Amino acid sequence: MTELICIVCPKGCHLKVDEQNGYAVTGNGCKRGEVYGKKELTNPTRVVPSTVKISGGSHRRLPVKTSEPIPKAMIFDAMKLLDTVEVTAPVKRGDVVYKDILGTGIDFVATRDM
């Protein structure tokens, strides 16, 4: 039995996930908590926010994030990739800054116009 705190909404339900019983979830206040509990133990993922260098912009760093959640085990390797990225202004929110992170098909995208 694994205990988790759900992060899907601000409610923060205390979940119990029974790995021995098909990842049965208890303590959830909604269906999303049940999905989160199962996914967190079988294939945890996260959206990763960060920044990259930008030249010609109003600031020295451009905020970016993954277009979709990536596997939690890949987060540090994905962050290392961003150290090599430098973009040139102008950049629009939603523009792809780094395509296909580690072969996942997921991109880093800009989260602000600059």
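Biologist: What makes E1, E2 and E3 an open sheet, and in what order do the strands lie?

Modeller: In this predicted model, the three strands follow the order E1-E2-E3 with antiparallel pairing. Strand E1 (2-5) and strand E3 (24-26) are the edge strands, since each pairs on one side only. On average, neighbouring strands here are turned by 30° against each other, direction ignored.

Biologist: How do you know that E2 and E3 are paired?

Modeller: Pairing takes at least two bridges between two strands. Strand E2 (residues 14-18) is joined to E3 by three bridges, so the pair qualifies, and the two run antiparallel. Within that pair, Val17 stands opposite Val25 in E3.

Biologist: Which helix packs on this sheet, and what does it touch?

Modeller: Helix H1 (residues 31-42) does, touching E1, E2 and E3. The direction of H1 makes about 55° with that of E2. A touch here means heavy atoms within 4.5 Å.

Biologist: Where is Gly12, then, and what is it in contact with?

Modeller: Gly12 is in the loop between E1 and E2. Setting aside neighbours within four places in sequence, Gly12 is in contact with Ile5 and Cys6. Its C-alpha atom is separated by 18 Å from that of Met1, with the two positions 11 residues apart along the chain counted as their spacing.

Biologist: On to the other sheet. What makes its pairing "mixed" or otherwise, and which strands are at the edges?

Modeller: Five strands form this open sheet, in the order E8-E5-E6-E10-E9, and the pairing is mixed. Strand E8 (86-88) and E9 are at the edges: each has a single partner strand, so one side of each is left without a neighbour in the sheet. The average turn between neighbouring strands is 45°, direction ignored.

Biologist: How do you know that E6 pairs with E5 and with E10?

Modeller: Count the bridges against the cut-off of at least two. Strand E5 (residues 49-55) and E6 have five, in the antiparallel sense, with Lys53 partnered by Arg61 in E6. E6 and strand E10 (residues 108-110) have three and also run antiparallel. Two of the partnerships there are Val64 with Ala110 and Thr66 with Phe108.

Biologist: What links E5 and E6 along the chain?

Modeller: They form a hairpin with five residues between them, and Gly56 in the turn has a positive phi of about 80°.

Biologist: Why are the side chains of E6 said to alternate?

Modeller: In a regular strand, side chains alternate between the two faces of the sheet. Strand E6 (residues 61-66) shows it: Leu62, Val64 and Thr66 point to one face and are buried, while Arg61, Pro63 and Lys65 point to the other and are not. Buried means under 20% relative accessible area.

Biologist: What makes one side of H2 the buried face?

Modeller: The buried residues of helix H2 (residues 75-82) are Ile75, Ala78, Leu81 and Leu82. Seen down the helix axis, they fall within an arc of 115°, so they line one face of H2. The face turned away from that side carries Phe76 and Lys80, which are exposed.

Biologist: And what do those buried residues pack against?

Modeller: Their partners are strand E4 (45-46), E5, E6, strand E7 (70-71), strand E9 (96-98) and E10.

Biologist: Which residues line the largest pocket, and which element gives the most?

Modeller: The lining includes Ile7, Val8, Tyr36, Lys39, Pro44 and Pro69. H1 gives the most, with five residues, and H1 and E4 each supply at least two. The volume of this pocket is about 180 Å³.

Biologist: What makes the bond between Ala89 and Pro90 a cis peptide bond?

Modeller: Its omega is about 5°, and the bond is cis. Pro90 lies in the loop between E8 and E9. Most peptide bonds are trans.

Biologist: Why do Asp100 and Leu102 count as partly exposed?

Modeller: The class runs between the 20% and 50% limits. Asp100 is at 36% relative accessibility, so it falls in that class, and Leu102 at 39% does too. Asp100 is in the loop between E9 and E10, where Leu102 lies as well. Neither is a glycine, yet phi is positive: about 55° for Asp100 and about 50° for Leu102.

Methods: Residues numbered from 1 in each chain as written. Predicted model: local features only at pLDDT ≥ 70, side-chain atom pairs only at ≥ 80, totals over all residues. Heavy atoms only, no water. Helix = DSSP H or I, 4+ residues; strand = E, 2+ residues; numbered from the N terminus. Axes fitted to C-alpha atoms, helices over the stretch in contact; angles between N-to-C directions. Buried < 20%, exposed > 50% of the residue type's maximum accessible area, 1.4 Å probe, protein only. Arc of directions from axis to C-beta. 1 Å grid on protein atoms, 1.4 Å probe; cavity = no way out; pocket = protein on both sides within 12 Å on 5 of 7 lines; lining within 4 Å. Points joined across faces, edges and corners; volume = space filled by probe spheres on them.
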